[in-house]
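Biologist: Please walk me through this model. I want the reasoning behind each label.

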Amino acid sequence: FRLCLFRFDLIFSEKMKKQSFPVKEEHHKKHKKEQKRKEEQAAAAASDSEQEDTRPTEASPWKNELFKPGDMSSSLVDESSFVITFAKYREPYIKSTWEELTNELKTKHGIDTVLDLRQGRMEVKTTKKTWDPYAILKARDLLKLVSRGMSLGPALAIMSDGVDCDIIKIGGFTRTQEKFKKRRQRLVGPNGATQKAIELLTGCSILVMGTTVAAVGPVQGLEYVRNIVEECMKNIHPIYNIKELMIRKEISKDPALANEDWGRFLPKYKKTNTNKLKSGTPKPKIERKKKEYTPFPPAPLERNVDKQLASGEYAFKDAPRASSQKGQGKSASAEVLNSFAPPKEKKLYTSNEPKPTEHKVDKKTIQAIQANISKSQSTENKRKRQQPEGDVEDYLIA
């Protein structure tokens, strides 16, 4: 059995040796062919670069090519429209610039416009002459910007390729109205200097109005504007971002730094405590000593009466103090009552009414009145006496 196995191994190894050589030769041949093909391609590419290439090149998927009239094979299937409302105070400006706006949209982009002053709304819609399907969305953004207060000149820039708009809401960053107004004013700056600097560095036109900031420009510039506005409303002054943009603009001019990290050139700001800056030196730390633990509660504080009892003043000063307090209370109450006593009113008489006269009563008149009263009493007594006595039956007729 062992001999059989040994013979089988010998036969198998000899067969493998015979098959291995041609396999290696074939592999070397294929490798040489690929190497030659690569060398030929490199030589052809070098010769093509030396000579002018007149062959049409295919469109690159990463290149933004302009969309021109005639690129769309057929007209739009359905009509698209957008409606934008505007405030009452914008009505005179929209009236004055409406002809220019309609001519710009209809002649260059084939978009119709409708103005309704009763309901305060503007409408844009596509037509059969519309050659760019994305133009209707840009026309909608144009009406938004005009209704928000932007003038027509910078707003019309949105209709060109590579330009977009962004409306940033800034009303929800602060709690109080005073902080909101101060931080919004920082974006504008003294005489609009800060706003002008941001516009020059980003290439965008900016409008700060109400609780929104509207911006029109390239996409990268709009990102910078949004970052500056949001950080300003978070209490970070825009001058820091403006300095960073100025440095970036200078670095971008150097082609040697195009593929390097610009972080080492940009400024880095650290937050500092305002209290330390005002005082100049940090506040010393107060060391608080731990009190000794006692299971008993603290003793109650002494009253004034307790202090007087302990010193003996309470026994000598109690009686005169009470009497003086009572006298003071009575005198004070009497003064208050006298101060609030109502004055005597004098009766006013008109010119038509006769003034009352004072009647003085003498003793003689009093005696005469008493005599008259006595006489009347005597006559009444006599009349009572003259009345007959007896029963009623005595005077009846039988």
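Modeller: Here are short answers, label by label. This is a predicted model, where local features need pLDDT of at least 70, side-chain atom pairs count only at pLDDT 80 or more, and totals for chains, interfaces and linings use all residues. Residues are numbered from 1 along each chain as its sequence is written, and side-chain values use heavy atoms, with hydrogens and water left out.

Biologist: Why is Q195 called buried?

Modeller: Buried means under 20% relative accessible area, exposed over 50%, and partly exposed in between (1.4 Å probe, protein chains only). Q195 has 17%, so Q195 is buried.

Biologist: Where does Q195 lie, and what is Q195 in contact with, leaving aside its neighbours within four places in sequence?

Modeller: Q195 lies in helix α6, residues 193–202. Helices (H or I, at least four residues) and strands (E, at least two) are DSSP runs, numbered from the N terminus. With those neighbours set aside, Q195 is in contact with L187, V188, I206 and L207. Contact means heavy atoms within 4.5 Å.

Biologist: Why is I236 called partly exposed?

Modeller: The relative accessible area of I236 is 35%, and the partly exposed class runs between the 20% and 50% limits, so the label fits. I236 sits in the loop between α7 (219–233) and α8 (238–252).

Biologist: What makes β1 and β3 a pair?

Modeller: Two strands pair if DSSP finds at least two bridges between them. Here 5 bridges join β1 to β3 (residues 121–126), so the two strands pair; they run antiparallel. T85 stands opposite R121 in β3.
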